[in-house]
Every structure is written in structure tokens, then in C-alpha cells.
Amino acid sequence: MQSTENYHSGFIAIIGRPNVGKSTFMNHVIGQKVAIMSDKPQTTRNKIQGVLTTDSYQMIFIDTPGIHKPKHRLGDFMVKSSIDTLNEVDAIMFMVNAKEGYGKGDEFIIEKLKNISQPVLLVINKIDEVHPDELLPLIDQYREKLQFAEVVPISALHGNNVERLLEVLVDQLPEGPQYYPEDHVTDHPERFIISELIREKVLHHTREEIPHSVAVIIESIKKQENKEIIDVQATVIVERKSQKGIIIGKQGNMLKQIGTEARKDIETLLGSKVFMELWVKVQKDWRNRSSQLREYGYRQ
Ligand code: GDP
Ligand code: MG
Ligand code: K
């Protein structure tokens, strides 16, 4: 975690009909591992599909599985929560299929996007499957329906113009810290619950002294080699130095107590022995970003 000047970071929602190439794109920019993870059933409402970290930016790609025409009531709920997500990200990548062109599925998504003020990038994928002359009329067709911050044609499969797309995306990201460690590429299913368990202990022990905006970042969850022990590394983020002092307590006693109680709960959750390392860090601008982060695993 660093918060150097000029570092840009933020959340990007990827939406589009099934089979337009969303997973292929993630594979291309982040690696094979991601798509396999994201093909598992959705347990959390908005899953982090992948985190792309470089020296100058961090992009956190969010999957919004609910943006398609609902077939049942649960579907309605999914659509609603996905739309809430779209209102909080920094940019939206709306991916369409150059070969198939504009269709009913796109129409539904565009209707939803009309009420959202976040910048929407139209990403026309699979350009390797069409003649270049077909692109302009296609772009015009989409532009008639919605205003886009940019239009970027790509081939996720072959990598054409993907670099250009990343440049366009970076332009949409505000200055901000590196939220995830560099080696973090996808979300651990239990990550969110673990952070909540720790946060709960912090709030319980500190009462009014620590505001609810405190956040807990899970740095890593790893199984020890050849042992049934899971290492959990986490950081409690506060806004002021005085708050850090309160959480650490006299001779570190408070932090020790918080850690012990959280560890017991996490052991029950994971059904395994846990070795926990807990840090406290001050990060001043945390709260400004907190409402945005709430949906992705950090909570107020
Ligand atoms: P998703 O459902 O949006 O995640 O779509 P996938 O990434 O699973 O892709 C669906 C299919 O389209 C797969 O067979 C991909 O290989 C193929 N595909 C994805 N991107 C491209 C592309 O740029 N060009 C071509 N020709 N095929 C692609
Ligand atoms: Mg997919
Ligand atoms: K938060």
C-alpha cells in the first residue's frame, strides 16, 4: 500500500451481454487465473474480477452480473444492486460484439445506463471478425442511443488496441492510493467476511472513540505449506494518528485483544487454525473514498 502523488486508482465496472468477451479481456490484461475464478457461482453481489497494478496506476475491475433482463424476482434485486454499483465506480466499460452488432440485450443495458452519470466507455470487441468498414456505422448506431465518454474498438482475443483502452481507462481514474497489494489479482471468497469480523472487534472495543468509517484491508490469506494453518494479514485503516493510538492501546494490548477475538471467529469460519498479523495505518483521505468502496468489501 502506497499513496504516492500522481498515483491513480479506481474501480471499473465491466458490463455487457454474455459472450461479448468480458472474461477474455480480463485474461488478456491480468492473466489466466482470473477467468477461472470468476466463472465460479457469484456468492457476493459484486465480485472483484481482477486487479491490475502498475507503477502508475491500479485498476480494480468489478463484475456486475445483474445487468441483463431479469427472469425472476431475484433477478430484479440483482439488477438493482448492480445499478447501485454503477453509480459508485469511476468508469464503466460497456462491451459489445462487433460481429453481432446492436441487439435486444444491449438495449436493456443502455436503458439502465441512461440514468447513470459515471463515464461510460463503449468497447467494441471482436474487431478481428469484421471488416473495418463495418465499424463506423456500428459506432454511429450505438452513439444514437447513448453518449459515450470514448469509443474503443478492440480484439480482446488477439490483444489489438487493448493498450489504448487501458490508456483511456487511466484517464478516468482519480488520484488515489494502491488499495490492494501488488500480488493481489482476484478476490478471496472469504475476504470480505474476514475483514468484517476484524472490523466488528475494533468497533466493539473502541466504542465512540473510533468512527464507523474505520476500514479493514485484508492484505493476504495464505495456507502455510504442509500445515493446516492459514496466515491472515490485515490492516486497520484509520484517519487520525490519535485513533491509531487508541486501537493499538497500552503496550499493544488493545490490538492484541482485537486480534485474538477476531482470530477465533475466523478459525470457526475457515474451519482451520489461523495465524493472524494485524497492523494499523493512518490514511487521511480514506473517508472520501469510503462510500465508493463500501460495496466492494470495505464497509463503513
Ligand atoms: P463473456 O461471457 O463476456 O465473459 O465472454 P468470453 O470472454 O467468455 O468470450 C466468449 C467467446 O468469445 C469465447 O469463445 C472467446 O474466445 C470469444 N472472444 C472473446 N473475445 C474475442 C475477440 O476479440 N475476437 C474473437 N474472434 N473472439 C473473441
Ligand atoms: Mg465471462
Ligand atoms: K469504508
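Around ligand 1 in this predicted model sit 15 residues, and those that come nearest are Asn-19, Lys-22, Thr-24, Lys-126 and Asp-128. By type, that shell splits into 4 nonpolar, 6 polar and 5 charged residues. Helix H1, spanning residues 22-30, chips in the most, with 3 residues.

Here are some polar pairs between ligand 1 and the protein:

| Ligand 1 atom | Protein partner | Distance |
|---|---|---|
| oxygen | polar backbone atom of Lys-22 | 2.8 Å |
| oxygen | N or O atom in the side chain of Lys-126 | 2.9 Å |
| nitrogen | polar side-chain atom of Glu-129 | 3.4 Å |

On its own, ligand 1 would expose 580 Å², and the protein buries 73% of that.

Now for the nonpolar packing. The largest nonpolar core has 31 residues, and the members touching the most others are Ile-92, Phe-94, Leu-113, Leu-122, Ile-124, Tyr-142 and Phe-148. Elements giving two or more residues to this core are strands S1 (8-15), S3 (57-63), S4 (91-97) and S5 (120-125), along with helices H3 (73-86), H4 (104-113) and H5 (135-145). H5 gives the most, with 4 residues.

Phe-94 is a handy spot to look at up close. Setting aside neighbours within four places in sequence, Phe-94 is in contact with Ile-15, Gly-16, Asp-106, Ile-109, Ile-110, Leu-113, Val-120, Leu-121, Leu-122, Val-123, Tyr-142 and Phe-148.

There's also a second, separate core of 26 residues, with Met-26, Tyr-57, Met-59 and Val-168 among them.

Conventions: Residues numbered from 1 in each chain as written. Chains lettered and ligands numbered in written order. Predicted model: local features only at pLDDT ≥ 70, side-chain atom pairs only at ≥ 80, totals over all residues. Heavy atoms only, no water. Near = heavy atom within 4 Å. Polar contact = N/O pair within 3.5 Å; in protein donor to acceptor, adjacent residues only side chain to side chain. Areas by Shrake-Rupley, 256 points an atom, 1.4 Å probe, with all protein chains shown as cover. Nonpolar A, V, L, I, M, F, W, Y, C, P; charged D, E, K, R; others polar. Core = buried A, V, L, I, M, F, W, Y, C linked by side-chain atoms within 4.5 Å. Buried < 20%, exposed > 50% of the residue type's maximum accessible area, 1.4 Å probe, protein only. Contact = heavy atoms within 4.5 Å.
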